[in-house]
Amino acid sequence: RLEDGDRDGRQGGVEALSHMAEKGDPHAFTAMCGRLEDGDRHVRQAAVEVLSQIAAKGDKHATTAVCGLLEHGDRHVRRAAVEVLSQIAEKGDQHAITAACGRLEDGDRDVRQAAVEALSHMAEKGDTHAFTAMCGRLEDGVRHVRQAAVEVLSQIAAKGDKHATTAVFCILEHVDRQARR
């Protein structure tokens, strides 16, 4: 059914595999990777989500496959890929962190917010790369993204980190100036 000419048939096959495959099953993983390039975005999204169910945490092949989807033309697939990446990447996986940081500048607000939230699961406390990338979201044009960035910064900043404290003070001053206008 994964090769079915009908979208519903392919999507049904993807969903059926999610119920049958065991975590870490290399055949199921290969089958899902084949659906990542399906012509229909619903099938691609379903395949990305099934990958999170069948990929073992820390599986480098799965992480690499999902990272490749972060550049996909469909914003829904990019958002789903960021969410899956946060579920399958090991905490501290710099390849996954760098890939997620790249989506912090995405043109879609939902993808940016998903990337911010994903970094809360993947970045370790004191991760300067994630911290620096997250600081850029403090000026995001979308309030929910800014709020999520402040929350994640508090999780990944090392205690006593002067850069973190300064960044949060700057955003508080910015909010205070806007409130006085």
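**Exercise 1. Which residue caps the N-terminal end of α6, and which backbone nitrogen does its side-chain oxygen approach?**

Solution. The model is a predicted one, in which local features need pLDDT of at least 70 and side-chain atom pairs count only at pLDDT 80 or more, while totals for chains, interfaces and linings use all residues. Residues are numbered from 1 along each chain as its sequence is written, and side-chain values use heavy atoms, with hydrogens and water left out.

Step 1. Locate the helix: α6 covers residues 94-102, where helices are DSSP runs of H or I with at least four residues, strands are runs of E with at least two, and both are numbered from the N terminus.

Step 2. Find the cap: Asp93 takes this role, with a side-chain oxygen 3.0 Å from the backbone nitrogen of His95.

Step 3. Check the confidence: among the elements of the chain, α6 has the highest mean pLDDT, 97, whereas helix α10 (residues 162-180) has the lowest, 63; pLDDT is the predictor's confidence in each residue, from 0 to 100.

**Exercise 2. Find the buried residues of α6 and say what covers them.**

Solution. Step 1. Apply the cut-offs: buried means under 20% relative accessible area, exposed over 50%, and partly exposed in between, with a 1.4 Å probe and protein chains only.

Step 2. List the residues: Ala96, Ile97, Ala99, Ala100 and Cys101 of α6 are buried. Cys101 is placed in this class because its relative accessibility is 10%, whereas Cys135, at 21%, counts as partly exposed.

Step 3. Name the cover: it includes α4 (60-69), α5 (75-88), α7 (109-122) and α8 (128-135).

Step 4. Follow one partner: Leu119 is in contact (heavy atoms within 4.5 Å) with residues that include Ile97, Ala100 and Cys101, when residues up to four places away in sequence are not counted.

**Exercise 3. Describe the surroundings of Ser18.**

Solution. Step 1. Place the residue: Ser18 belongs to helix α1, which spans residues 7-20.

Step 2. Judge its exposure: Ser18 counts as buried because its relative accessibility is 16%.

Step 3. Look for a polar partner: the Ser18 side chain comes to 2.5 Å from the backbone oxygen of Glu15.

Step 4. Add the contacts: once residues up to four places away in sequence are set aside, Ser18 touches Val50 and Gln53.

**Exercise 4. Is Gly141 buried or exposed, and how far does it lie from Arg109?**

Solution. Step 1. Place both residues: Gly141 sits in the loop between α8 and α9 (143-156), while Arg109 is part of helix α7.

Step 2. Use the accessible area: Gly141 counts as exposed because its relative accessible area is 75%.

Step 3. Compare sequence with space: Gly141 and Arg109 are 32 residues apart in sequence, and their C-alpha atoms are 8.9 Å apart. For Arg109 and Arg75 the separation is 34 residues, with 9.6 Å from C-alpha to C-alpha.

Step 4. Find the contacts of Arg109: leaving aside neighbours within four places in sequence, Arg109 is in contact with Val142 and Val145.

**Exercise 5. Summarise the chain as a whole.**

Solution. Step 1. Count the elements: the chain has 10 helices and 0 strands.

Step 2. Consider burial: 48% of the 181 residues count as buried.

Step 3. Consider the contacts: among those between residues at least 6 apart in sequence, 65% join residues at least 24 apart.

Step 4. Consider confidence: the average pLDDT of the chain is 86, and 90% of the residues score at least 70.

Notes. Polar contact = N/O pair within 3.5 Å; in protein donor to acceptor, adjacent residues only side chain to side chain.
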